[in-house]
Amino acid sequence: MPTDSKMAKFLQSYGYDLILGSIAAIYVVMAPYTKVEESFNVQSMHDILYHRLNFNSYDHLEFPGVVPRTFIVSFIASPVVSVISWLGFPKIYNLVAARLVLGCIILSTLRFFRIQIRKNFGHQVESFFVLLTSLQFHLLFYCTRPLPNILAFGLVNLAYGNWLKGNFYSALSFLIFATVIFRCDVMLLLGPIGLQFLMTKSISFWKALKYCVGTAVVAVGLTISVDSIMWKKFVWPEFEVFWFNSILNRSSDWGTHSIHWYFTSALPRSLLVAYPLSLLGTLLDRRVPFLILPVLSFVILYSKLPHKELRFIISSVPMLNLSAAVAASRIYNNKKKAIWKLVNMVMLALFAISAGCTVVTFMASYNNYPSGYALKRLHQISPNVAGEEWVHIDTFSAMNGISRFCEDGFPWRYSKEEEIVVEELRNRNFTYLVNEHPYVDGYKCLFSEEGFERVELRRGFPPIVLVKRAKVYVHRDMKKEDHLHKIWPGC
């Protein structure tokens, strides 16, 4: 009996963490590859693990990107990844391990916020918070992605938790760390929250100023001291990001969206059923508007930046989920009343629709890394040669699933040399090409890999179909002996 009691307490304390963690782990295992927005932190984790103090071999010195990024993210998972590497597993296992470690860190910060929800709003609201989070795709999918947004997201969760706990100065400190080190745009959340703290007299101006200045000095010193060594120059990465995106407004070079896009596209897709419920929650509990208003202000302020991506506002999701959980709890408690009964039935139907949308979105994401799958398929070839097999990876492929964690050892050798025109490839000594071109003169196309194109609605079953098309092609140099012609008949 004592054993059963301990197990019950364990499940009560950590059951929700197991649910959220299991879903996130499934996403990692099923879709282990990464894309261009994650490339810096993925490559730097690889280099810290495999090159250690040999900074000259680090990927970022050859491919620095548009703006520098901090290396602090990359050090976090290195100890666990080193153990996996020492055990002799392939490199891709190291990437999975690193992402799982990151997911554990982020979900632990979400746990802290969730515990404060329980203490302030009750167990039932906490349960609905977990349910809504589980039904959403993007939060649990992104929480394992090595992005500066996600490390900042973890600190924002800690800020939210301290906010509910009444530790207002600690909340501000976490937001400042997130702003200075990981994502400068968190200042758009820091400003509204700090202003509300002042207007509600939760903090004093001068004491808050001392806390904020002290925290900022420590954070700036940390990022400059670490990143100046790694970049071999004096640098504060997030200040350069702020200058590039906000002052020069160069982020719009990567595409723009309308000013309402976050409210009409990003939030509906990320929140699903929680989107309408979050609006209802502000009407049902007088505490909620004070929590939601700064978050909505953050999204509104961010909407003025032309370049928009869902991950930029991922930090707003937990607080909006709290508002939605409050509404769901109130609907559930009143489900026996006439009008509320109908509302409860609609809510349950929306839960089911949200689950379906999450499955479809995951399947689309699973098929969104064609070059990673193409390189894995190429590695399954057993070359009957004594020399190296040199693979050239073009920019498109490097952006859509391939990182250094995808590479194998001898006889494979890799090149990511950029700006090589297609006509010049036949004059180079590459054995294989992984690129976006279906035909390359002097090479034979061995196979192609399909990627997600769009979602299409059709009559009949299933009503929703994922449309895919060939996006990545693998070619072999025809000048070299092709002993694989029977295995690979061509594209």
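Visitor: Val217 lies in helix α12, so why does Val217 count as exposed?

Guide: Val217 has 55% relative accessibility, and exposed means over 50% relative accessible area, with buried under 20% and partly exposed in between (1.4 Å probe, protein chains only). So Val217 counts as exposed. Helix α12 covers residues 205-231; helices here are DSSP runs (H or I, at least four residues) and strands are E runs of at least two, both numbered from the N terminus. By the way, this is a predicted model, in which local features need pLDDT of at least 70 and side-chain atom pairs count only at 80 or more, while totals for chains, interfaces and linings use all residues. Residues are numbered from 1 along each chain as its sequence is written, and side-chain values use heavy atoms, leaving out hydrogens and water.

Visitor: How do you know that Asn344 is buried?

Guide: Asn344 has 9% relative accessibility, so it counts as buried. Asn344 sits in helix α18 (residues 338-366). Beyond its neighbours within four places in sequence, Asn344 is in contact (heavy atoms within 4.5 Å) with Ile331, Tyr332 and Lys335.

Visitor: What makes helix α19 mostly covered?

Guide: Eight of the ten residues in α19 (residues 370-379) are buried. Among them are Pro370, Tyr373, Leu378 and His379.

Visitor: Which residues touch the most other members of the largest nonpolar core?

Guide: Leu277, Leu322 and Leu378 do, out of 108 residues. Helix α9 (residues 148-165) supplies the largest share of this core, eleven residues. A core is a set of buried Ala, Val, Leu, Ile, Met, Phe, Trp, Tyr and Cys residues joined through side-chain atoms within 4.5 Å. Leaving aside neighbours within four places in sequence, the contacts of Leu277 include Leu132, Ile331, Met347 and Phe351.

Visitor: How do you know that β3 pairs with β5?

Guide: Pairing takes at least two DSSP bridges between two strands. β3 and β5 (residues 464-477) have four, in the antiparallel sense, so by that definition they pair. β3 is also joined to β1 (residues 389-393) by three bridges, and those two run parallel. Val434 of β3 is the bridge partner of Ile393, and Val474 in β5 is the bridge partner of Val434.

Visitor: What makes both faces of β3 covered?

Guide: Tyr432 and Val434 on one side, and Leu433 and Asn435 on the other, are all buried. In a regular strand, side chains alternate between the two faces of the sheet.
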